[in-house]
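The exercises below concern a ligand and the space around it in a single structure. Work through each task before reading the solution that follows.

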Amino acid sequence: MAEELTISAGAKEEKYRELVPQIRSVVECETDMIANMANVASMLHETFGFWWTGFYRVAEGVLVLGPFQGPLACTRIRKGKGVCGTAWERGETVVVPDVDAFPGHIACSSLSRSEIVVPVWKDSEVVAVLDIDSKELGTFDEVDKLFLEEIVTCL
Ligand code: SME
């Protein structure tokens, strides 16, 4: 798994370029967003070997755990709390190279070292976030942000 996470930016971009059409073809056959979140989490997790890959959905004013791959996670996150609640509140992607340097980071797993959270938009509202954790520092960058923001528009 470690070598998967230290792939060069070019190799990572190439993987995303192959993955995006595969995700599109899987998602376009299904209208249920939760089913699509489940397959997107699986495809990202399997392709890149991340530590935790999944979604939190906005439900009754909080983020509630949705489909994911990886170890168990906290189930509810309030707006503005942690990386997920911050991305939701700001309505923008948050890239965290070192989770220990992010005030208020919620440590669902002590092994998580870096993280990216991408809002999922529907009808001008954030309806969910895609959260990905890595066991390595500095895993996520502008390439991940660019492609993950594209991927969540497929849901
Ligand atoms: N670290 C996240 C919590 C969710 S887990 O990483 C799965 C956060 O700070 O919001």
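**Where the ligand sits**

In this predicted model, the space taken by the ligand is the largest cavity.

**Exercise 1.** Characterise that cavity by number, volume and lining.

*Solution.* Begin with a search of the whole structure, which finds 1 cavity of 30 Å³ or more. Next take the volume, which for the largest cavity is about 140 Å³. Then turn to the lining, where 18 residues are found, and those closest to the centre of the cavity are Ile-106, Cys-108, Glu-115, Asp-131 and Asp-133. Sorted by class, the lining holds 12 nonpolar, 3 polar and 3 charged residues. Finally, assign the lining to secondary structure: E1, H4 and E6 are the elements that give two or more residues, and H4 gives the most, with 3 residues.

**Exercise 2.** Describe the shell of residues around the ligand, and state which elements supply it.

*Solution.* Counting residues with a heavy atom within 4 Å of the ligand, one obtains 13, of which the closest are Val-83, Cys-84, Ile-106, Glu-115 and Asp-133. The division by class gives 8 nonpolar, 2 polar and 3 charged residues in this shell. As for the elements, strand E1 (52-59), helix H4 (82-90) and strand E6 (125-134) each contribute at least two residues, and the largest share, 3 residues, comes from H4.

**Exercise 3.** Identify polar contacts of the ligand, and determine how much of its surface the protein buries.

*Solution.* Apply the cut-off of 3.5 Å between N or O atoms, and take the contacts by the ligand atom involved. For oxygen, one atom of the ligand is 2.9 Å from a polar backbone atom of Cys-84, and a polar side-chain atom of Asp-131 lies 3.3 Å from an oxygen atom of the ligand. For nitrogen, an atom of the ligand is 3.0 Å from an N or O atom in the side chain of Glu-115. The last step concerns area: taken alone, the ligand exposes 310 Å², and the protein buries 100% of that.

Note on methods: Residues are numbered from 1 along each chain as its sequence is written. This is a predicted model: local features need pLDDT of at least 70, side-chain atom pairs count only at pLDDT 80 or more; totals for chains, interfaces and linings use all residues. Side-chain values use heavy atoms; hydrogens and water are left out. A polar contact is a pair of N or O atoms within 3.5 Å; within protein, one must be able to donate a hydrogen and the other to accept it, and residues adjacent in sequence count only if both atoms are side-chain atoms. Accessible areas come from the Shrake-Rupley method with a 1.4 Å probe; for residues, only the protein chains shown count as cover. On a 1 Å grid over the protein atoms alone, a cavity is a set of points where a 1.4 Å probe fits but cannot get out, and a pocket is an open set with protein on both sides within 12 Å along at least five of seven lines; lining residues have an atom within 4 Å of a point. A molecule sits in a cavity or pocket if more than half of its atoms lie within 2 Å of its grid points. Helices (H or I, at least four residues) and strands (E, at least two) are DSSP runs, numbered from the N terminus. Ala, Val, Leu, Ile, Met, Phe, Trp, Tyr, Cys and Pro count as nonpolar, Asp, Glu, Lys and Arg as charged, and the others, Gly among them, as polar. Grid points are joined across faces, edges and corners, and a volume is the space filled by probe spheres set on the points.
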